[in-house]
Every structure is written in structure tokens, then in C-alpha cells.
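The exercises below ask you to read a structure residue by residue, and each task is followed by a solution that goes step by step. Please try each task on the structure before reading on.

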Amino acid sequence: MTDAVTVTLEPGDAAPGFDLPRDGGESVSLSDYSGKTVVLYFYPKDDTSGCTKEAIGFTEHAAQFEAAGAVVLGVSKDSVAKHDKFIAKHDLGVILLSDEGGDMCESYGVWVEKSMYGRKYMGIERATFIIDGAGKVAQVWRKVKVPGHVEAVLKAVEAL
């Protein structure tokens with residue numbers, strides 16, 4: 001296991017660009033949303049309890065994010081096929097990006113060493129970034145706890 005290079009993005013930093021495949025097979029890049037607010041949330045794995053609750057929360061508030069001029073993008077290392085199944089199973093209304101190679105996770109500093117039952121391993125830290133229309137990081141949440149998180153992100157987007 002290699003040590004992760006810790007990237008710490010702060011508000012005001014330029015958001016790293018990306019071009020990744022999304023559910024349904026098309027690809028999405030940050031530049032597709034130039035001038036728009038992007039809510040970028042990273043999560044460990046499709047169809048696990050916390051990740052499912054978070055995706056359903058963003059789906060339930062999708063119209064409010066859209067009304068505030070924001071698009072919501074979820075990112076994990078799961079494949080596009082897994083994303084498609086996850087969306088169909090839970091009737092999700094968010095765009096899910098597949099970062100199978102992990103480059104985007106590393107550029108946003110969310111590929112970190114984790115620990116469970118004393119075992120250390122590399123994984124995705126649950127984190128959310130708001131990127132403003134100029135491509136700058138507006139707000140960052142790390143080590144996200146799911147309850148209340150979507151509402152906090154929505155409030156921050158509405159305040160922009």
C-alpha cells in the first residue's frame with residue numbers, strides 16, 4: 001500500500017478539473033457546468049447503508065438544488081454498471097460519476113487511509129465540495145456524517 005499524498009482543498013482554491021464516465025454511459029467534465037454551482041459529493045460505495053441514505057437525501061432535495069442553480073454529482077470508484085443498478089434500485093435522481101482509476105479522488109484529497117477493527121486500508125473519505133460558477137471551491141465538508149448533511153449543503157448553496 002502506498003502512502004496517499006494528502007491534498008487539502010480549501011475555499012477559494014481552484015477546483016481540480018475532471019472528465020469521467022457517468023451513469024448511463026456518457027461522460028461529464030467540470031467545464032460542462034461552467035457558470036453553474038456544482039455540489040460534488042464523494043462516497044465510499046454504491047448500495048451500502050450510509051451511501052444509500054446520502055444519495056436518497058440528495059435525490060429528495062434535487063428540485064431545491066436545481067432551483068438554487070446547482071447540479072449534484074456523486075463520485076465513487078464503482079463502475080458505471082454498478083451506478084446504473086444503484087440508481088435503478090433506489091430510483092435516484094442524482095448524477096453518479098465513476099472514478100475507477102481513483103485520479104479524481106486523489107486530486108480532491110479524499111483517497112485516504114482508513115481504519116476498521118484495527119485494520120488499516122485505503123478508501124474514499126465521505127466528503128462534499130461546493131464549486132462556484134467560476135470553478136472555485138466555495139465550501140468543503142470532510143468526514144461527513146449523513147444525518148442532516150444534505151440540508152446543510154442545500155442551505156450553503158442557497159446562501160451563495
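Helices (H or I, at least four residues) and strands (E, at least two) are DSSP runs, numbered from the N terminus. The model is predicted, with local features needing pLDDT of at least 70, side-chain atom pairs counting only at pLDDT 80 or more, and totals for chains, interfaces and linings using all residues. Residues are numbered from 1 along each chain as its sequence is written, and side-chain values use heavy atoms, with hydrogens and water left out.

**Exercise 1. A strand and a pocket**

Find the strand that holds M116, state whether M116 is buried, partly exposed or exposed, and list the residues that line the largest pocket.

Step 1. M116 belongs to strand β6, which covers residues 111–116.

Step 2. Buried means under 20% relative accessible area, exposed means over 50%, and partly exposed lies in between (1.4 Å probe, protein chains only). M116 has a relative accessible area of 41%, so M116 is partly exposed.

Step 3. A pocket is defined on a 1 Å grid over the protein atoms alone, as an open set of points where a 1.4 Å probe fits, with protein on both sides within 12 Å along at least five of seven lines, and its lining residues have an atom within 4 Å of a point. Grid points are joined across faces, edges and corners, and a volume is the space filled by probe spheres set on the points. The largest pocket has a volume of about 270 Å³, and its lining consists of V112, E113, K114, M116, Y121, E125, R126, K143, V144 and K145. Strand β6 supplies the largest share of this lining, with 4 residues.

Step 4. To place M116 in the fold, take the C-alpha atoms of M116 and I56, which are 60 residues apart along the chain and separated by 25 Å.

**Exercise 2. The setting of β3**

Work out how many residues of β3 are buried and in which sense β3 pairs with β4 and with β8.

Step 1. Strand β3 is mostly covered, since 6 of its 6 residues are buried.

Step 2. The side chains of T37, V39 and Y41 point one way from β3, whereas V38, L40 and F42 point the other way, and all are buried.

Step 3. Two strands pair if DSSP finds at least two bridges between them. β3 and β4 pair in the parallel sense over 6 bridges, and T37 has A70 as its bridge partner in β4. With β8 the pairing is antiparallel, over 5 bridges, and there the bridge partner of F42 is A127.

**Exercise 3. The nonpolar core**

Identify which residues touch the most other members of the largest nonpolar core, and which elements give two or more residues to this core.

Step 1. A nonpolar core is a set of buried Ala, Val, Leu, Ile, Met, Phe, Trp, Tyr and Cys residues joined through side-chain atoms within 4.5 Å. The largest has 24 residues, and those that touch the most other members are F18, L40, F42, L73, Y108 and F129.

Step 2. Two or more residues of this core come from each of β3 (37–42), β4 (70–76), β5 (95–98), α4 (103–107) and β8 (127–131).

Step 3. Contact means heavy atoms within 4.5 Å. Not counting residues up to four places away in sequence, F18 touches V28, S29, L30, L40, L73, L97, M104 and Y108.

Step 4. A second, separate core has 22 residues, including Y43, F58, V94 and L154.

**Exercise 4. Salt bridges**

Which residue forms a salt bridge with E54, and are the two partners buried or exposed?

Step 1. Side chains of opposite charge can pair when their charged atoms come close. A salt bridge requires a side-chain nitrogen of Lys or Arg within 4 Å of a carboxyl oxygen of Asp or Glu, and by this rule the count is 5.

Step 2. The partner of E54 is R126, at 2.7 Å from N to O. This pair links distant parts of the chain, 72 residues apart, with E54 in helix α1 and R126 in the loop between β7 (119–124) and β8.

Step 3. E54 is buried, with a relative accessible area of 1%, and R126, at 15%, also counts as buried.

Step 4. For comparison, D78 and K45 meet in a salt bridge at 3.9 Å, N to O; here D78 is buried at 7%, while K45 is partly exposed at 39%.
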